[in-house]
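Visitor: Please take me closely through one part of this model, beginning with how its helices meet and then moving on to the residues around them. I am new to this, so I would welcome one connected explanation.

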Amino acid sequence: MVGSNHLEQTDPAVYSAIQNERQRQEDSLGLIASENHVSEAVLEAQGSVLTNKYAEGYPDARYYGGCEHVDTVEQLAIDRAKELFGADYANVQPHSGTQANMGVYFAMLDPGDRILSLDLTHGGHLSHGHHVNFSGQLYEVEQYGVDPDSGYIDYDTLADHATEFDPDLIVSGSSAYPREFAYERIDEIAAAVGAYHLADIAHVTGLIAAGLHTNPVGNADFVTASTHKTIRAGRGGLILTTDEYAEQIDKAIFPGSQGGPLMHNVAGKAVGFKEALTDEFEEYAQQVVTNAKTLADTFSERGLSLVSGGTDKHYVLVDLRDSHPDVTGSDAEEALQSVGITVNKNTVPGETRSPFTTSGIRVGTPALTTRGFTQSEMETIGHAIVDIIEHPEDDDVATDVATTVDQLCEAYPIYE
């Protein structure tokens, strides 16, 4: 097994960067909604000798010899994914959630076909048809948004849009829409216009696996996911569908859009999926949501505006324009990072600023919940975040918050 002692001797610069990153994670509070801390078992799987093995193809149908053991690993990942989500079919090879989406598009659409998806500034994702992404370059895309007053998706308006646009595929899913999707309603809308329905559950994979959110498997034609974020497995993507589309999806991933799968990542997925099948994981996922609601309540009590007024998920989306119009998302991100709190700037509905500046921040709870944080700690963190936003240049406030961060990090280490 390759260990850090070998790395330190072979490449001190990379070794040092890895050690520094580990220390940064230990010494700061990670509140980026798409990040988490995997178990040491997942780390071991991802750093294993499986990285040496080429395995083009699928279990029992490879293009190379010597795949009997990686076949075992991939089949475990497939079987556990199917069990977690009640799916007939799972492809665990996509390198990311975006490549899982690519697999579905390539399998079911032709260039120039039409996609209807949530607008990026309203919480959507680049891979749902943004013009800078392949999805927006290969397909004709229109996007729906949230109601400007409520911050919720208006499904009647979405149905009218679908009737008018006549898409070939409708995407439900987001990276910054804090409310649960009505998958069954979207499936009805898609069926009415003869479109496929792709549910991208990248952010809520773990919440769905734990039974906290509605499972779109059985409604949507295709379900794509990230395998990290809320589910804490090896970093990558996942596609779930029925046996009807299995062959098309398999071909779209390999050889259509990828070569050999990253078998060490597939192993990390398998281990993480096994962990997600436990009662302990269900308790963890419930605490993730509880922590997010606690954070939302704390922010609201302190006068911050939240998109949609709160959250059903593992993050809150703060719109700074009402309470702090002179503080941009990037200002808040930078000020918080200086005291050891990591969030990301984020666009908000009706955004007028650049995506490099933004008018909001997205604040998530998966990683801190993994560290053991509960409501009390989240209230403390919520107040600390607002203190910094209200006084971004006050050295005394920054010192007090930094001290609080240090105390929390020491009390809740990531890896003992």
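Guide: In this predicted model, a good place to begin is the pair of helices α4 and α11, whose crossing is left-handed. Helix α4 covers residues 68-85, and its axis and that of α11 come within 8 Å and cross at roughly 40°. An angle of that kind falls outside the ranges for roughly parallel, roughly antiparallel and roughly perpendicular pairs, and α4 and α11 are therefore oblique to each other. On the α4 side, the contact is made by Val70, Val73, Glu74, Leu76, Ala77, Arg80, Ala81 and Leu84, while α11 contributes Met263, Val266, Ala267, Ala270, Val271, Phe273, Lys274 and Ala276. Sorted by class, this contact of α4 with α11 has 13 nonpolar residues, 3 charged ones and no polar ones.

From α11 we can step back along the chain into the loop that comes before it. Glutamine 258 is placed in this loop, between α10 (246-253) and α11 (263-276). Its relative accessible area is 6%, and because the limit for a buried residue is under 20%, glutamine 258 is buried. The side chain of glutamine 258 reaches the backbone nitrogen of histidine 95 at a distance of 2.9 Å. If we set aside the neighbours within four places in sequence, glutamine 258 is in contact with Gln93, Pro94, His95, Gln99 and Ile253. Histidine 95 thus appears both as the partner whose backbone nitrogen is reached by the side chain and in the list of contacts.

The loop between α10 and α11 also holds proline 255. The peptide bond that joins phenylalanine 254 and proline 255 is cis, with omega about 10°.

Another pair of helices, α12 and α15, can be read in the same manner. Helix α12 consists of residues 279-301, and it packs against α15 at an angle of about 40°, with the two axes 9 Å apart. Helices α12 and α15 are therefore oblique to each other, and their crossing is right-handed. Gln287, Thr290, Asn291, Thr294, Leu295, Thr298 and Phe299 of α12 make this contact with Gln375, Met378, Glu379, Gly382, His383, Ile385 and Val386 of α15. By class, the contact of α12 with α15 has 5 nonpolar, 8 polar and 1 charged residues.

One member of this contact, glycine 382, deserves a pause. Glycine 382 lies in helix α15, which is made of residues 375-390, and it counts as buried because its relative accessibility is 0%. Leaving out residues up to four places away in sequence, glycine 382 touches Leu295, Thr298 and Phe299. Along the chain, glycine 382 and threonine 298 are 84 residues apart, yet their C-alpha atoms are separated by 5.8 Å.

A further pair is formed by helix α7 (residues 155-165) and helix α8 (residues 183-193), whose axes come within 9 Å and cross at roughly 20°. That angle makes α7 roughly parallel to α8, and the crossing of α7 and α8 is right-handed. The residues in contact are Tyr155, Asp156, Leu158, Ala159, Ala162 and Thr163 from α7, with Arg185, Ile186, Ile189 and Val193 from α8. They divide into 7 nonpolar, 1 polar and 2 charged residues.

To finish, we can look at residues in other loops. Asparagine 133 is placed between β5 (114-118) and α6 (134-138), and at 13% relative accessibility it counts as buried. The side chain of asparagine 133 makes a polar contact of 2.7 Å with the side chain of serine 135. Apart from neighbours within four places in sequence, asparagine 133 is in contact with Thr98, Leu126 and Ser127. Asparagine 133 and aspartate 60, which are 73 residues apart in sequence, have C-alpha atoms 34 Å apart in space.

The loop between β9 (222-226) and β10 (237-241) contains lysine 229, and arginine 232 lies in the loop between β9 and β10 as well. Lysine 229 has a phi near 40°, a positive value in a residue other than glycine, and arginine 232, which is not a glycine either, has a positive phi of about 60°. Lysine 229 counts as buried at 11% relative accessibility, and arginine 232 counts as buried at 17%.

Notes. Residues numbered from 1 in each chain as written. Predicted model: local features only at pLDDT ≥ 70, side-chain atom pairs only at ≥ 80, totals over all residues. Heavy atoms only, no water. Helix = DSSP H or I, 4+ residues; strand = E, 2+ residues; numbered from the N terminus. Buried < 20%, exposed > 50% of the residue type's maximum accessible area, 1.4 Å probe, protein only. Polar contact = N/O pair within 3.5 Å; in protein donor to acceptor, adjacent residues only side chain to side chain. Contact = heavy atoms within 4.5 Å. Axes fitted to C-alpha atoms, helices over the stretch in contact; angles between N-to-C directions. Parallel < 35°, antiparallel > 145°, perpendicular 65-115°, else oblique. Left-handed = near helix turned anticlockwise from the far one by under 90°. Nonpolar A, V, L, I, M, F, W, Y, C, P; charged D, E, K, R; others polar.
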